[in-house]
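User: I would like a close look at a single part of this model. Please keep it brisk and connected.

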Amino acid sequence: MINKFLGFKPDEKLLPSKTVTPDTEIDLSSHKYQKIWLGPNHPGVTGNMAVELTVQGNTIMKAKTHVGYLHRGFEKLIERRLFVQGFPTSIRMCVAEPDTNEYLIARCTEELSGYADAVPEYANWLRMLSLEMARLAGLLRGVPGQGGTFALGIGVQWGVYLRDLILDRFEELTGARVYHMYIIPGGVRGILPDGFKERMEDNLRDIDDFIIRIKKLMFHNSVFKQRAKGLAVITPDMVDKFGIVGTNARGCGVKRDVRKDNPYLYYDKLDFDPPTATDGDVYSRTWVRWQELIQTVDLIRQIMAKMPAKGDIRAKMPNVLNWKIAKGDTYVRLESGRGEYGMYYVTDGSDKPRRINLRGPSYNHAISVLEHMLIGADVADVHAIMVSLQTCPPEIER
Amino acid sequence: MKELIEKLSSKYELQEVTYQRNNLVFAAINKDSAIDAVTYLRDYEGYTHLVMMSCVDWIEEGKLQLLYLLNSPSQKNDIGIRVYIERENPEMVSAHHLWKSIWTYQRELREAFGINFPGSPRIEENFVVEGWDDMPHMLRDFDTHEYAEKTYFPRGNRKTNDPAEYMRAKLYPNQPVTAKQRKDDK
Amino acid sequence: MSELDLNDKMSEMLAKSEANVENSEKTFVRPEDEIREVVAPDGSIIKVNPLYDYFSGERPQEEKPRGGIVEKFLNWARAESIWVLGFGTGCGSIEIPPLVTPRFDMFRYGVQMRPTPRQSNAFIISGYLSVKTLKRVIRTYEQMPSPKYILALGSCTINGGMYYDSYSTINRLDKYIPVDVYIAGCMPRPEALLHGFVKLKQLIKEGKAEKANEYARNFDEYKANQKKIIKDWNMPDYNW
Amino acid sequence: MSIYAKLAYSFIGLMIVLNWGMLMGATMRKIGARMAGRHGIPFKQPWLNLLKNISTRTIITHGVMYYIGPVFRLTGGIGIFLFMPVIFTGDPNGLWTNFSFSGDLILILYFQVFGMLGMALGAGEGGHPYSAMGIARGLAQHAAVELPLTLAILSIAIQYDTFSVYKIVEAQQGGIMNWVLFTNPFAAAAIILSMLGALGHSPFNLVKAPNEILIGPATEYEGTYLGFMMSAGAILHVMEAVLFMNLVFGGATSWIELIVKSFLIYFWSVFVGMVFPRFKIEQSITWFFKVPFALGVLAILMYSF
């Protein structure tokens, strides 16, 4: 506008090209482009990973994700351990929500050894409770974290404080703060303590008014809208091409939720409807997650209301020291806070698993999707895009 | 799932079919027609969502088992296509033209199992390990413990004991070892 | 320094760098790191060796503390203002957000986070270290200004923890960089981390946190260990 | 009054300003911490940080300009102070009027850019890509901030027919209604809005954006040079606040009044920064070219005819 007003016409060749495509020719020797690294030592990357950017001014022409900084080789270590020994090792595959790994491993071993229906009802309700609490803890960091990427740090402070209260409830229920090892093959490890529901209800009340505050802070904020709307749009036809799942898919109107599609545990007995949004930009993804925050609080209330008062928490399982499982393989999935989270589990009749392979949502989100999204984006938006895709390195490289 | 398997078997000869759950079935197809089957499932049967691609090392039969796990969002069930390939200098047809995300799996399998996917983009790049000069680290005959022992300066004072013996000694010191237990330990 | 000395120094640096490149594995040198010739604006041709020209090729020097009342005073200042590098190397870094938030507020103790290694003097190695990360950790540690302190979290840094037999993670950290404070546990609670910081303060005030000088003293030994496990050594021996 | 006495008083004043700047910074961080529900840093933290930085043993170098950058920045801060009548005593060359002269307003405006330019030189020599990005953002935004600020200042200069800060302060004495805030509201509004950009808190803290470009121009700086920059920042914050205080809020007749007013002025930018995310550089420049620019033009039109 001002240019037209002043009659000033810039030389288009010197400006960053507006339409950047993945196959744009990049000649580093012409001094138009520069290669910069985001991470691994950079506060703007989620966790310990690196993004190699080729920028022209502020525009990103090419992006390359580098992972493996957290590689521990779980899938190799599990081959040297008994089923029960491998359990505490392999739940550390994802630090954000370890309970999902616990459920997957427990479920896979139960299914392959024919104890799928032996798990008591009370234990299943407790499993659901801990899974939903893990989702809540993740969302309490994730939703305000999106504002934190735009330097709106105050919401992060509130959110992480409330997450700590949820971790206290976890400690009360399971005895551990981050790695709980609560869901074991055949059931769970402990009953619900006395007065747990009341204390949980207190925290949920705090979280309720936090939800209102965070809405006023983020979604009613003009600057947040300016930065988040229209940024890193996921179109519905990308969903199947890139294997996008979870809130990232629901943010653009594709309603995929394992809890509804293939109900596991007692999710069919709960009454909920996964939220969706229409335009799949950062703003609507964050909006979907904010609605999920409300829904998760409601789900925890439903679970605590509907679960039986008491029951036995463990099925009679064979002696773990010499527990052999016949040859077979299966794939079990669940809906984690980041999307479909599954495990391929192979046994060969020995007392050790043959192979486990984790399918984390970030495996696609952080590599193929992120590299596609970053092309043409602004350097200032990389952190926001990564957080909005919920990239979590440890589940990529295991 | 049954009619799907019948349709498939009419087109390609399936070697083994396992009905794992009512919404999960595994079918083994020979190496040449596997990608055709995957393409057919994606285009005509609505299995549009690639869940994962994995590999299992069956060293006893000298085979590597590839797995293409497909999910149908409309019918809400999964089918896993198994492909058995030779273990020495293994090679498989690349499927990077079907999904935009599958080249990452192929890159990982190339590094972890040494499987070559000709034509797959960035297949030569390292995925997780850097400057790796040993055999592919996910093969069964690669001993990770031995590698760590000789590489990473282990601190001497770590001792590991057989869980069965240890628990018996600690928990039930004065209980005789029954014949069944002795059999189990073997 | 006169022009002549400068030329001598440059030439001998170049010679040393080429020698170093000969020794190091050529196969791991990235294309942008290879020795190339650049035409300067005045037309003269300059030989550029990115790995050694852009860094100082010198060994770390041992910087003796001043001692006496002055050092005590400075140590008090150092202990009261610890700047932690915001680099989450492992899964222990999930407990860093609680530390900077209302529940466990570490700013009360004068502990703050800094984004760049140049300005931070404490480094939290949060848990297991894969070899790929260890390479970056060494580089970052060498860029931090002395005096610098290392806090190692979890049993993984002590003896490998539950990854003792992993082909990708190291077993003991103190073989590669000197560690001031170990904080045990998997993973350590925020309270344990706060206690670790208090312990580090004590060490600094007593003048016992001189691990940077130890690193300079046993430089060759540390380098040998590092080069033993980092197969693609495509960086200078000491970069600051 | 003799030049030596003036120098002595300027030095004392500089020390007061430096320490007040540090204390003010710590107070603002504590306020932010309280909003988050934390205790926050202790009040003595800035001095400890300064000591810690000075006592760093390793000193790296990237060349001459790398050294001179922080010195330039410090010079910018001290320059503003030297030509700024900090306290109004009714006497044009009284105790705390330092070396203010008839045209000092223009000089002060120049010194505001001076520090930024020095940082540009230092950051360029440092050679870190993120420092180059940060300084580019900083200079671009500074130009955008200067436009409405200069327009408003010109309007005030036309209004009082002088370029001397002392005269402007003098003309505002005698009651709150004489402040530019009420006599020239458009200029005051333009200045209050461009204050946000000049003091550089969120949403205009693009120069130091930790999760985008590490810490911007200071990425490669450490030790004594960082200490230089921290003290320069402390002085600059107070002096900017004092400039706006003199221009709009009727100056100060005592140190107490200066401290209260500069605190409130600085708190205004922190207060806004607490609840607003960070702009992108183009958004921030566009913002300054819209409302504050229009207000500045209005202020000019109001007094030029």
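In chain A, what is the order of the strands in the open sheet of 3 strands, and is the pairing parallel or antiparallel?

Analyst: A caution to begin with: this is a predicted model. The strand order in this open sheet of chain A is 1-2-3, and the pairing is antiparallel. Strand 1 (34–38) and strand 3 of chain A stand at the edges. Each has a single partner strand, so one side of each is left without a neighbour in the sheet. The sheet is also twisted. On average, neighbouring strands are turned by 25° against each other, direction ignored.

Now take the pair formed by strands 2 and 3. Strand 2 of chain A covers residues 50–56, and strand 3 of chain A covers residues 59–66. The two run antiparallel and are joined by 7 bridges. In general, strands of a sheet pair through backbone hydrogen bonds, either parallel or antiparallel.

The register can be read from individual partners. A:Ala50 has A:His66 of strand 3 as its bridge partner. A:Val51 stands opposite A:Thr65, again in strand 3 of chain A. As a general point, side chains in a regular strand alternate between the two faces of the sheet.

Next, the turn. Strands 2 and 3 of chain A form a hairpin, with 2 residues between them. A:Gly57 sits in this turn and has a positive phi of about 65°.

Where does the hairpin fit in the chain? The domain assignment divides chain A into domain 1 (2–66) and domain 2 (74–390). Over C-alpha atoms, the centres of these two domains of chain A are separated by 34 Å. Their contact takes 17 residues from domain 1 of chain A and 14 residues from domain 2 of chain A. On the domain 1 side, the elements that give two or more residues are strand 2 and strand 3 of chain A. Strand 3 of chain A gives the most to that side, with 7 residues. By residue type, the domain 1 side divides into 10 nonpolar, 5 polar and 2 charged.

There is also a contact between chains. Here 31 residues of chain A are in contact with 33 residues of chain B. Several elements of chain A each supply at least two residues to its side, among them helix 2 (74–77), helix 9 (236–242) and helix 13 (362–374). Strand 6 (328–336), strand 7 (339–347) and strand 8 (353–359) of chain A are also included. The residues on this side of chain A divide into 9 nonpolar, 11 polar and 11 charged.

Note on methods
Residues numbered from 1 in each chain as written. Chains lettered and ligands numbered in written order. Predicted model: local features only at pLDDT ≥ 70, side-chain atom pairs only at ≥ 80, totals over all residues. Pairing = 2+ DSSP bridges. Helix = DSSP H or I, 4+ residues; strand = E, 2+ residues; numbered from the N terminus. Contact = placed C-beta atoms within 7 Å. Nonpolar A, V, L, I, M, F, W, Y, C, P; charged D, E, K, R; others polar. Axes fitted to C-alpha atoms, helices over the stretch in contact; angles between N-to-C directions. Domains from an automatic or database assignment.
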